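Biologist: Could you pick one helix of this model and take me through it closely? I'd like to know what it packs on, which of its residues are hidden, and how it fits into the rest of the chain.

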Amino acid sequence: MQAIVLFGHGARDIRWREPFDRLAALWKTQHAESAVELAFLEMMEPSLEQAIASLVAAGATEVVVVPVFFGQGGHLRNDFPVLLSACQEKYPKIALSATPAVGEDLAVLQAIVDFGARALIS
């Protein structure tokens, strides 16, 4: 079974999580055949390891981690590879991979431009 982890930074304010919950709900609606879990780097749960453990327990054999970060900053360059490597060591039979930060994708950047353009029209 293929699965995805939407990986965010985390924050002290629980309301910061709301768009991530909506994102996961959209995933579930549009891609019901692939399991999805949220995970956070710090200050929120589940952690990346907890999310992957949950997916493995549900039968996932392939997990793609999507960093929901705007860019490839220090956390993604330094902390994230260590966390991902630890998960790969813990689950060696799982095909575990990661995408670049979502903000590196031209379609995401274009969506932000389109959002701004709509704001000017309103």
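Modeller: One bit of vocabulary before we start: angles here run from 0 to 180 degrees between N-to-C directions, along axes fitted to C-alpha atoms. Keep in mind, too, that this is a predicted model.

Let's take α2, residues 48-57. This helix lies across β1, β2, β3 and β4, and its direction makes an angle of about 165° with β2.

What are those strands doing? They form an open sheet of 4 strands with parallel pairing, in the order β2-β1-β3-β4. β2 (35-40) and β4 (95-98) are the edge strands; each has a single partner, so one side of each is left without a neighbour in the sheet. From one strand to the next, the twist averages 20°. Inside the sheet, β1 (residues 2-8) and β3 (residues 62-67) run parallel and are joined by 6 bridges. If you want a spot to click on, V5 has V65 in β3 as its bridge partner.

Back to the helix itself. Which residues of α2 are buried? They are L48, A51, I52 and L55. These residues sit on the same side of α2, because they cover an arc of only 95° around the axis. As for what covers the buried residues of α2, the list includes β1, β2, β3 and β4, plus another helix, α3 (74-90). Just after α2 comes G59, with a positive phi near 105°.

Have a look at α1 (residues 18-30) as well. Helix α1 lies across β1 and β2, and its angle to β2 is also about 165°.

Now zoom out. The protein chain has 4 helices and 4 strands, and along the sequence they follow the pattern β-α-β-α-β-α-β-α. Of the contacts with a separation of 6 or more, 72% are between residues 24 or more positions apart. For the chain's 122 residues, a compact globule would have a radius of gyration near 14 Å, so the 15 Å found here agrees with that. The C-alpha trace spans about 50 × 35 × 30 Å along its principal axes. Across the 122 residues, 31% count as buried, and L48, A51, I52 and L55 of α2 are among the buried ones. The accessible surface of the chain comes to about 7500 Å², with 60% of that belonging to carbon and sulfur atoms.

Definitions and conventions. Residues numbered from 1 in each chain as written. Predicted model: local features only at pLDDT ≥ 70, side-chain atom pairs only at ≥ 80, totals over all residues. Heavy atoms only, no water. Pairing = 2+ DSSP bridges. Helix = DSSP H or I, 4+ residues; strand = E, 2+ residues; numbered from the N terminus. Contact = heavy atoms within 4.5 Å. Buried < 20%, exposed > 50% of the residue type's maximum accessible area, 1.4 Å probe, protein only. Arc of directions from axis to C-beta. Rg over C-alpha atoms; globule rule 2.2 N^0.38 Å. Areas by Shrake-Rupley, 256 points an atom, 1.4 Å probe, with all protein chains shown as cover.
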